[in-house]
Amino acid sequence: MPDISDEQIKTEMMELHKSIYEKFGYEMKYTRPPKGEYSERTIACTNSLGYKTVMWSFAYDDWEENKQGREEYGKKKILDNVHNGAILLLHGTSKDNSNILDECIKEIKKMGYEFRSLDQFQR
């Protein structure tokens with residue numbers, strides 16, 4: 001996002017907002033900068049559109065198509081990085097994540113954690 005203009009950011013965000021609303025009936029209010037790349041300018045721009053920027057506390061190289069087929073690796077990475085308040089970035093394009101998500105959720109709950117929406121963390 002730091003490499004594009006405010007106008008491009010606004011256009012892309014509003015197109016995404018419209019698409020999400022049309023497909024899911026959900027009004028977006030949070031944004032995650034692609035690749036975690038942001039600047040004060042880009043955050044100010046998305047804030048001006050009414051979005052709150054949320055970063056993640058954990059991610060791994062699950063988006064790479066040529067690095068699929070590592071389900072045990074993915075499970076270990078996820079479970080080793082769970083902590084109070086963790087925000088896990090798991091890409092929906094990952095076949096590994098699709099295959100391990102149910103098991104990871106169950107294991108995380110067994111560890112005593114619970115899942116909450118971002119809204120439940122607002123102060």
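This passage describes salt bridges and aromatic pairs in a predicted model.

Side chains of opposite charge can pair when their charged atoms come close. Across the whole structure, a search finds eleven salt bridges. Three of them are described here in turn, each within a helix.

In helix 1 (residues 6-24), Glu22 pairs with Lys18. The closest N and O atoms of this salt bridge are 3.9 Å apart. The two residues sit four positions apart in the helix, so about one helical turn separates them. Glu22 is exposed, and Lys18 is exposed too.

Helix 3 (residues 71-80) holds both Asp80 and Lys76. Their side chains meet in a salt bridge, with an N to O distance of 2.6 Å. Here too the partners are four residues apart, about one turn of the helix. Asp80 has a relative accessible area of 51%. Exposed means over 50%, so Asp80 counts as exposed. Lys76, at 52% relative accessibility, is also exposed.

Helix 4 (residues 95-110) contains Asp102 and Lys106. Their salt bridge spans 3.0 Å, N to O. Because the two residues are four apart in the helix, about one helical turn lies between them. Asp102 has 48% relative accessibility and is therefore partly exposed. Lys106 is likewise partly exposed, with a relative accessible area of 48%. Elsewhere, salt bridges with shared partners join Asp61, Glu64, Lys67 and Arg70 into one network.

Aromatic rings were examined next. The count comes to two aromatic pairs. Phe58 and Tyr60 form a stacked pair. Their ring centres lie 6.0 Å apart, and the angle between the planes is 25°. Planes under 30 degrees apart count as stacked, so this pair meets that condition. Both Phe58 and Tyr60 are buried.

Tyr60 also pairs with Tyr73, in an edge-to-face arrangement. The centre to centre distance is 6.0 Å, with 65° between the planes. This pair links distant parts of the chain, 13 residues apart. Tyr60 lies in the loop between strand 3 (58-59) and helix 3, whereas Tyr73 lies in helix 3. Tyr60 is at 6% relative accessibility, so it counts as buried. Tyr73 has a relative accessible area of 35% and is therefore partly exposed. Together, Phe58, Tyr60 and Tyr73 form one aromatic cluster.

Technical notes:
Residues are numbered from 1 along each chain as its sequence is written. This is a predicted model: local features need pLDDT of at least 70, side-chain atom pairs count only at pLDDT 80 or more; totals for chains, interfaces and linings use all residues. Side-chain values use heavy atoms; hydrogens and water are left out. A salt bridge is a side-chain nitrogen of Lys or Arg within 4 Å of a carboxyl oxygen of Asp or Glu. Buried means under 20% relative accessible area, exposed over 50%, partly exposed in between (1.4 Å probe, protein chains only). Rings of Phe, Tyr and Trp (its six-membered ring) pair if their centres lie within 6.5 Å; planes under 30 degrees apart count as stacked, over 60 as edge-to-face and the rest as tilted.
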